[in-house]
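Please open the structure in the viewer and keep the sequence panel in sight. The tour proceeds by selection, one stop at a time.

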Amino acid sequence: MIKINDRIPGWKSELELKRIIELLSFLNENSIIVEIGASAGRVTWVLSKNCPKNSKIYAIDTWNPEKMFVGNGYHLEAKQLNIQEYFNSFMKECLNINVIA
């Protein structure tokens, strides 16, 4: 069953997220997945919830507000928050994520 969290803002469309999920099906159990530029965590959450059993996700980002959330009003409310805390608020149920800032 495909899992997507529409509450998390991000650049990827639902179609793009479904393509990522398709790619995850080629991985073996106990895989290590690295995401560079996790932002608010839209893709990170999808990776976590759709990856093979016992896989680990490494989410890497600076969460620097001056370099994020630019263009098309992309979830500007996050500028008023600690960006990494904003990311973490969506990842509470994703126990296989390791954050590197």
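The stops below concern a helix, a loop residue, a strand with a pocket, and a second loop residue.

The model is predicted: local features need pLDDT of at least 70 and side-chain atom pairs count only at pLDDT 80 or more, while totals for chains, interfaces and linings use all residues. Residues are numbered from 1 along each chain as its sequence is written, and side-chain values use heavy atoms, with hydrogens and water left out.

**Helix H2**

Select residues 42-50, helix H2. Helices (H or I, at least four residues) and strands (E, at least two) are DSSP runs, numbered from the N terminus. Eight of the nine residues of H2 are buried, so the helix is largely enclosed by the rest of the structure. Buried means under 20% relative accessible area, exposed over 50%, and partly exposed in between (1.4 Å probe, protein chains only). The buried residues are Arg42, Val43, Thr44, Trp45, Val46, Leu47, Ser48 and Asn50. Display next what covers them, including H1 (14-24), S1 (32-36), S2 (56-60), H3 (83-90) and S3 (97-100).

**Asn96**

Proceed to Asn96, in the loop between H3 and S3. Asn96 is buried, at a relative accessible area of 18%. Which side chain does Asn96 join by a polar contact of 2.5 Å? The partner is Ser48. A polar contact is a pair of N or O atoms within 3.5 Å; within protein, one must be able to donate a hydrogen and the other to accept it, and residues adjacent in sequence count only if both atoms are side-chain atoms. A polar atom of the Asn96 side chain also lies 3.4 Å from the backbone oxygen of Ser55.

**Strand S1 and the largest pocket**

Select S1 and show its side chains, which alternate. Ile33 and Glu35 point to one face and are buried, whereas Ile32, Val34 and Ile36 point to the other and are not. Add S2, where the bridge partner of Glu35 is Ala59.

Glu35 also leads to the largest pocket, lined by 15 residues, of which Lys12, Glu35, Gly37, Ala38 and Val43 lie nearest its centre. A pocket is, on a 1 Å grid over the protein atoms alone, an open set of points where a 1.4 Å probe fits, with protein on both sides within 12 Å along at least five of seven lines; lining residues have an atom within 4 Å of a point. S1 and H2 are the elements that give two or more residues to this lining.

**Glu29**

Finish at Glu29, in the loop between H1 and S1. Glu29 counts as partly exposed, at 49% relative accessibility. Measure from Glu29 to Asn54: the two are 25 residues apart in sequence and 6.0 Å apart in space, C-alpha to C-alpha.

Methods: Contact = heavy atoms within 4.5 Å. Pairing = 2+ DSSP bridges.
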